[in-house]
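This report describes how the parts of one protein chain are held together in the model shown here. It takes up the nonpolar cores, two helices, the salt bridges and the cysteines in turn.

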Amino acid sequence: MSHRINKDVSLKTNNEAILTIEIEEFIQSCLIATRQPRSFYGNFCDLLFEFSEIYNPDFSYSSIIKIFCTLMYDYQLDLDSPIDLYKRLKQSSFKEWQSDFSKTKEIYQNDMCQHRYNESLNAERLDNRLLELVEDYQALLVVRVDLAYVQNPDILQVEYDLEKLRRRINRSRYGDDLLLLVWALEQGASKGYHCHIALIFDERDRTGAWSIAKAIGELWEEITDDQGCYFNCHDRKYLSRYEKRDMIGVGIIYSNLTYQVEKMRSTLAYLLRSTKGQHLRVKTSKKMRTFGMSQR
């Protein structure tokens, strides 16, 4: 892309990241329900109506969200009127809807198994690279920063912003000294789209993890026109909680201190922990990456 996406287009009234999680939770709760949930049709109608406002036919949705993609086309004539949509949905019983939802259950479970497998492969790749760095350098400077949004845009804007950030980091004053840049994009129920970033340097070339994390965070704010926000993982109060439990795996890591190396490996492995349930429910394409490593 050679230009910035129009914020007026990508920042819609409904939050794509939060809404798709709500749809997923709605369908999953219906699948395990032994009787019709309270306000089932009202919630169903609201979610489908809201989804129609953020739906993009060019995006790739998870198998469970695709149920709503299909329904949106089936009921497109009623989407102009929530009342008409509600009446149409009520023409089928809860049991019938539950049966329809269950048709994607096996596909969804297979997708999650594949997701966990991919995450395990990525975690192995990352860990192997960390061990190589420990072998090659006496001490590493590990910098961590978490990126998010004040108001979540759609996934296309997120992909564009992160791509631009990676290019800017590589061209920045840190680029030549950067041994490894790791990023993992996630989707959470509270933060929406967010990204964990780790930068690793030879400790002889770079010091001041807090300052570097701050610089990356401010770069993110600039790229997103202040729609982005960040958390500096080297914040003193934040680190003190982990110091008390002897769990710090960032900052200066000495390669000959096994316990420090192990904490670093554990800390960065968190970026790829599939049990967090923060996988993307929507991508710009099936091949869209949610994890990457760039290295010297």
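A nonpolar core is a set of buried Ala, Val, Leu, Ile, Met, Phe, Trp, Tyr and Cys residues joined through side-chain atoms within 4.5 Å. The model is predicted. Its largest nonpolar core holds 65 residues, and the members that touch the most others are Phe51 and Phe68. Beyond its neighbours within four places in sequence, Phe68 contacts Ile23, Phe26, Ile27, Phe44, Leu47, Leu48 and Phe51. Separate from this core is a second one, of 25 residues, with Val182, Ala198, Leu268 and Leu272 among them.

**Helices α11 and α7**

Leu268 also belongs to the buried residues of helix α11, together with Gln260, Val261, Lys263 and Met264. These residues lie on the same side of α11, because they cover an arc of only 160 degrees around the axis. An α-helix has 3.6 residues a turn, so residues three or four places apart point the same way. The partners against which the buried residues of α11 pack are α7 (105–136), β2 (139–149), β4 (192–202) and β6 (251–254). Helix α11 itself runs over residues 258–269; its 12 residues reach 16 Å from the first C-alpha to the last, close to the 16 Å expected at 1.5 Å a residue.

Helix α7, one of these packing partners, has 32 residues and reaches 47 Å between its first and last C-alpha, close to an expected 46 Å. Its buried residues include the nonpolar Leu126, Leu130, Leu133 and Val134, but also Glu119, Asp127 and Arg129. Asp127 takes part in a network of salt bridges with Glu262 and Arg265.

**Salt bridges**

The structure holds 11 salt bridges. Three pairs are listed below with the distance between their closest N and O atoms.

| Salt bridge | Closest N and O atoms |
|---|---|
| Arg281 and Glu24 | 2.9 Å |
| Arg168 and Glu222 | 3.0 Å |
| Asp202 and Arg204 | 2.8 Å |

Which parts of the chain does the pair of Arg281 and Glu24 tie together? Arg281 lies in the loop between α11 and β7 (282–283), whereas Glu24 is in helix α2 (residues 16–32), so the pair ties together parts that are 257 residues apart in sequence. Both Arg281 and Glu24 are buried.

The salt bridge between Arg168 and Glu222 likewise links distant parts of the chain, with Arg168 in helix α8 (residues 155–171) and Glu222 in helix α9 (residues 209–223), 54 residues apart. Arg168 counts as partly exposed, at 23% relative accessibility. Glu222 is also partly exposed, at 49%.

In the pair formed by Asp202 and Arg204, one residue is buried and the other exposed: Asp202 has a relative accessibility of 4% and counts as buried, while Arg204, at 64%, counts as exposed.

**Cysteines**

How many disulfides does the model contain? With a disulfide taken as a pair of cysteine sulfur atoms within 2.5 Å, the count is zero. Cys69 is in no disulfide, since the nearest cysteine sulfur, that of Cys30, is 17 Å away. Cys69 is buried, with a relative accessible area of 9%, whereas Cys113 is partly exposed, with a relative accessible area of 42%.

Technical notes. Residues are numbered from 1 along each chain as its sequence is written. This is a predicted model: local features need pLDDT of at least 70, side-chain atom pairs count only at pLDDT 80 or more; totals for chains, interfaces and linings use all residues. Side-chain values use heavy atoms; hydrogens and water are left out. Buried means under 20% relative accessible area, exposed over 50%, partly exposed in between (1.4 Å probe, protein chains only). Helices (H or I, at least four residues) and strands (E, at least two) are DSSP runs, numbered from the N terminus. The expected span of a helix is 1.5 Å times one less than its number of residues. The arc is that of the directions from the helix axis to the C-beta atoms. Contact means heavy atoms within 4.5 Å. A salt bridge is a side-chain nitrogen of Lys or Arg within 4 Å of a carboxyl oxygen of Asp or Glu.
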